[in-house]
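Open the model in your viewer and keep the selection box handy. We will go from the whole chain to single side chains.

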Amino acid sequence: MPKLGLSNNLTSSGAPIKLDRWSLAFDGSSDYLEIADETEYRFGNDTGDSPFSLCLWVKLTDVTESALIGKHASNEREYAFTFTGSNELVFYLYDDTENAYIGRKSSSLVSDEDSWIFLVATYDATEAATGISLYKNGS
């Protein structure tokens, strides 16, 4: 599997197609990438959070319940950047030690299906939902 500019080797499920050094195409049903757990992909620890952002270019044929990027294992969740069943973009941050989460949702993105869009989620480490911002194409 290609490194795509990451320091970690990727493992894949399905057969994503490498488009160039930085991008892959997925079939929309069973393809995904997995990166081994590394501290550089964590946004905090037991004493506090760190600010971070996630951004990606996507072209989706159906936004309903599409997963974009997340960090989780079977018994440990950290974040999820995904779509809901109502076609809303959502970004959740989890604190499994407190069994709690914070998150933000956007309006429906159905009108953006079959178009390239640039999505960004930011978190300012305030441990509040108001510290999360979502952007589509810069707005």
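Show the chain as a cartoon and follow it from the N terminus. The elements run β-β-β-β-β-β-β-β-β-β-β-β-β. That makes 13 strands and zero helices. Keep in mind that this is a predicted model.

**The whole chain**

Now select everything and turn on the surface. The chain exposes about 8,800 Å². Carbon and sulfur atoms supply 47% of that area. How much of the chain is buried? Of the 139 residues, 31% are. Next, think about contacts between residues at least 6 apart in sequence. Among these, 41% join residues at least 24 apart.

**The aromatic rings**

Hide the surface and show the side chains of Phe and Tyr. The structure holds eight aromatic pairs. Start with Phe52 and Tyr123, an edge-to-face pair. The ring centres are 6.2 Å apart, and the planes meet at 70 degrees. An angle over 60 degrees counts as edge-to-face. Which strands hold these two rings? Phe52 lies in β7, residues 52–59, and Tyr123 lies in β12, residues 116–123. The two are 71 residues apart in sequence, so their pairing ties together distant parts of the chain.

Check how covered each partner is. Phe52 is buried, at 18% relative accessibility. Tyr123 is buried too, with a relative accessible area of 3%.

Move on to Tyr92 and Tyr94. Their ring centres are also 6.2 Å apart, but the planes sit at 45 degrees, so this pair is tilted. Tyr94 has 18% relative accessibility and counts as buried.

Now select Phe52, Tyr79, Phe81, Phe91 and Tyr123 together. These residues form one aromatic cluster. Two of its members, Phe52 and Tyr123, are the edge-to-face pair you have just seen.

**A loop residue**

Last stop: select Thr84. Where does Thr84 lie? Thr84 is in the loop between β9 (76–83) and β10 (88–95). Is this residue buried or exposed? Its relative accessible area is 15%, so Thr84 is buried; the cut-off for buried is under 20%.

Zoom in on the side chain of Thr84. It reaches the backbone nitrogen of Ser86 at 3.1 Å. Then show what lies around Thr84, leaving out residues up to four places away in sequence. Thr84 touches Val63, Thr64, Glu65, Val90 and Lys105. Select those five in turn, and see how each one meets Thr84.

Notes
Residues numbered from 1 in each chain as written. Predicted model: local features only at pLDDT ≥ 70, side-chain atom pairs only at ≥ 80, totals over all residues. Heavy atoms only, no water. Helix = DSSP H or I, 4+ residues; strand = E, 2+ residues; numbered from the N terminus. Buried < 20%, exposed > 50% of the residue type's maximum accessible area, 1.4 Å probe, protein only. Polar contact = N/O pair within 3.5 Å; in protein donor to acceptor, adjacent residues only side chain to side chain. Contact = heavy atoms within 4.5 Å. Areas by Shrake-Rupley, 256 points an atom, 1.4 Å probe, with all protein chains shown as cover. Phe/Tyr/Trp six-rings, centres within 6.5 Å; stacked < 30°, edge-to-face > 60°.
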